[in-house]
Amino acid sequence: MNFINQVIQGAMLGGFYALSACGLSFLFGVMRIINLAHGSLAILAAFLMVSLLNASNLSNILGDYGYLAPFIGLLVILPVMALIGWALQYLVLDRSLRAGPLIPVLSTFGVSIILDNGMFEAYGANSQSLGPAIGDLAYNSWSLTDTLTIGQLDALIFATAVIVLCGMQWLLAKTAIGRTIRATAEEPGVVELIGINPRLVFAVCAAIAVALTGLAGVALAMRTSFDPYAGGPLLIFAFETVVIGGIGSLWGTLIGGIVLGVAQNIGAEISPGGFLIAGHLTFLVILIFRTFGVLPKLSALTSRRAAA
Amino acid sequence: MSILSVETLESRHGLLVAVRGVSLSLNEGETLALVGANGAGKTTLLRSIAGAHKPVRGRIMFDGQDVTAMPAHRRVGLGIALVPEGRRLFAGMTVEENLRVAGAHGRKGVWNLDAVLAAFPQLKPKLKARAGDLSGGQQQATAIGRALMTNPRLLLLDEVSLGLSPLAVDQVYDSLRGLMSGGTTIILVEQDLARALSVATRIACMLEGAVVLEGAAARLSRDDITQAYFGLNRAAEPA
């Protein structure tokens with residue numbers, strides 16, 4: 001029974017990983033950029049939320065509904081993160097892309113260092129959490145059986161991940177904006193011949209991606225504590241999620257998150273120190289299998305690009 | 001009044017001068033065929049007119065407006081569309097999506113999905129197929145259809161018959177004849193001289209980046225063009 005419980009808790013954790021990976025996966029799928037500032041941007045959103053709640057006193061104003069304050073705060077934080085993504089595209093990504101595929105990796109790494117240390121300067125080294133701000137929701141749970149419980153916040157984050165992924169899938173597959181984004185992702189040098197400004201499309205995509213990253217950062221801050229250097233681990237888990245699930249595939253991102261979360265929890269069940277190592281080992285094994293073509297997706301993607 | 005006038009245009013690829021001092025002008029409704037050997041600068045000239053290649057000197061006027069510095073995506077809004085060499089479709093998207101995405105960003109006008117399908121009936125059964133899975137002729141029809149969806153006043157066609165079966169080339173040219181009689185201004189690059197002569201109202205022959213012969217198609221003989229094509233008249237001049 002304990003084993004089943006670990007699998008279920010792992011899957012719920014996977015929902016959080018999937019949410020963390022959305023922005024990273026989307027930006028890579030469209031612009032072929034690995035955004036190493038992904039984790040730091042998520043933590044930035046968490047700190048901005050803390051500042052916003054402190055400055056606005058929103059929790060007290062809402063009285064009995066004070067636990068909703070961080071959710072209402074998203075109405076401010078997400079647009080702000082979108083603006084940051086927009087600026088990131090024009091100031092950093094666009095310029096670095098022109099210098100070749102490796103430069104964006106270096107420049108976003110630089111952005112992450114600036115953000116981490118900037119947040120350290122501004123907020124200090126203390127751990128913070130949005131857990132207290134959401135009241136009972138932080139620890140309330142539903143009991144399925146005597147031994148099986150599901151945390152309400154975990155369920156909320158899992159549902160958010162599914163909704164975000166469904167929404168992204170729908171946007172890309174069914175809407176005019178989605179067609180424009182897919183066309184630009186496929187042939188950035190050709191879309192200008194049919195009236196599309198590829199830099200503008202990339203800016204919109206970066207805005208969407210960084211807003212989603214901000215959502216992940218706020219989710220992290222609600223379920224646990226964070227400090228200015230918490231971006232690194234978030235980036236690693238998000239990256240592993242993307243690779244396990246298949247690069248550029250949104251549904252794969254959900255599956256990747258669940259596989260990673262379940263592996264970590266089973267690892268922790270086997271040995272108290274097994275949480276991280278089981279996750280990393282799973283990632284490495286899948287990476288090796290993908291590289292040797294046992295799982296076809298990645299190799300199919302690379303060979304198609306090579307043929308084009 | 002001319003719809004397009006190119007004035008002493010020079011375009012380079014690094015140190016290589018691909019287009020050297022080309023001037024030409026085109027009236028509305030004309031069809032100009034650009035002929036010349038590989039590397040004569042035809043593609044670079046078309047790409048410069050479309051805005052996909054930045055010229056180093058000279059001026060491009062479209063409908064009385066200087067568009068030399070205008071980015072390609074804004075020229076589409078004025079009515080310049082290029083069907084690029086090699087078709088360059090969005091291979092992972094369906095034919096319908098390829099057409100619709102162009103229709104959403106170009107000029108408004110008579111061309112829409114139905115009009116394109118009427119001009120290229122071979123695309124009708126393929127609307128939901130991935131563009132990358134089509135035959136060469138169907139891909140070329142999609143590429144031309146995609147350009148038409150932006151409602152161009154000037155259509156630039158780069159090597160539309162390249163790599164197609166003779167039958168597919170006939171199909172594409174049949175559809176083009178419809179366009180030309182409809183009044184669309186066209187510049188086409190074509191390796192097949194007989195085909196170029198059969199559809200064009202004017203011919204310009206390029207050699208090593210320059211236009212060496214230009215005139216009404218009816219007034220130029222095949223021999224004139226062949227000589228210009230190979231630079232024979234120039235070789236005859238004293239050194």
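# Exercises on a predicted two-chain model

In chain A, residues 298–308 have pLDDT (the predictor's confidence in each residue, from 0 to 100) under 50 throughout, and the model gives that stretch seven contacts beyond four places in sequence. A contact here means two residues whose C-beta atoms, placed from the backbone, lie within 7 Å. This is a predicted model, so local features need pLDDT of at least 70 and side-chain atom pairs count only at pLDDT 80 or more, while totals for chains, interfaces and linings use all residues. Residues are numbered from 1 along each chain as its sequence is written, and chains are lettered from A and ligands numbered from 1 in the order in which they are written.

**Exercise 1. Put the weak stretch in context: what is the mean pLDDT of chain A?**

- Step 1: the mean for chain A is 90.
- Step 2: 94% of the residues of chain A reach 70 or more.
- Step 3: residues 298–308 of chain A, by contrast, stay under 50.

**Exercise 2. Work out how helix 1 and helix 9 of chain A are oriented to each other.**

- Step 1: get the elements. Helices (H or I, at least four residues) and strands (E, at least two) are DSSP runs, numbered from the N terminus. Helix 1 of chain A covers residues 2–31 and helix 9 of chain A covers 231–245.
- Step 2: get the geometry. Axes are lines fitted to C-alpha atoms, for helices over the stretch in contact, and angles run from 0 to 180 degrees between N-to-C directions. These two axes come within 8 Å and cross at roughly 70 degrees.
- Step 3: classify. Angles under 35 degrees count as roughly parallel, over 145 as roughly antiparallel, 65 to 115 as roughly perpendicular and the rest as oblique. So helix 1 of chain A is roughly perpendicular to helix 9 of chain A.
- Step 4: list who touches. Helix 1 of chain A brings residues including Tyr17(A), Leu24(A) and Phe28(A), and helix 9 of chain A brings, among them, Leu234(A), Phe237(A) and Val242(A).
- Step 5: sort by class. Ala, Val, Leu, Ile, Met, Phe, Trp, Tyr, Cys and Pro count as nonpolar, Asp, Glu, Lys and Arg as charged, and the others, Gly among them, as polar. This contact has 10 nonpolar, three polar and no charged residues.

**Exercise 3. Do the same for the two partners of helix 6 of chain A, helix 10 and helix 8.**

- Step 1: helix 6 (residues 152–174) and helix 10 (residues 250–270) of chain A pack at about 160 degrees, with axes 9 Å apart. They are therefore roughly antiparallel.
- Step 2: their crossing is right-handed. (Left-handed means the near helix is turned anticlockwise from the far one by less than a right angle, right-handed means clockwise.)
- Step 3: the residues in contact include Leu165(A) and Met168(A) of helix 6 of chain A and Trp251(A) and Leu254(A) of helix 10 of chain A. By class, that contact has seven nonpolar, two polar and no charged residues.
- Step 4: helix 8 (residues 198–223) of chain A packs on helix 6 of chain A at about 170 degrees, with the axes 11 Å apart. That pair is therefore roughly antiparallel as well.
- Step 5: Leu153(A), Ile157(A) and Val164(A) of helix 6 of chain A meet Leu212(A), Ala219(A), Met222(A) and Arg223(A) of helix 8 of chain A. The classes here are six nonpolar, no polar and one charged.

**Exercise 4. Which elements of chain B give two or more residues to the side that touches chain A?**

- Step 1: size the interface. On it, 24 residues of chain B contact 15 residues of chain A.
- Step 2: name the elements, which are helix 2 (72–78), strand 6 (80–83) and helix 3 (95–103) of chain B.
- Step 3: split the chain B side by class, giving 14 nonpolar, six polar and four charged residues.
- Step 4: look at helix 3 of chain B. A residue is buried if 20 or more other C-beta atoms lie within 10 Å of its own, exposed if 12 or fewer, and partly exposed in between, with C-beta atoms placed from the backbone. Seven of the nine residues of helix 3 of chain B are buried, so this helix is largely enclosed by the rest of the structure.
- Step 5: those buried residues pack against helix 7 (176–186) of chain A, together with helix 4 (113–119) and helix 5 of chain B.

**Exercise 5. Is Arg32(A) buried, exposed or partly exposed?**

- Step 1: Arg32(A) sits in the loop between helix 1 and helix 2 (38–56) of chain A.
- Step 2: Arg32(A) has 15 other C-beta atoms within 10 Å, so it is partly exposed.
- Step 3: its phi is near 60 degrees, a positive value in a residue other than glycine.
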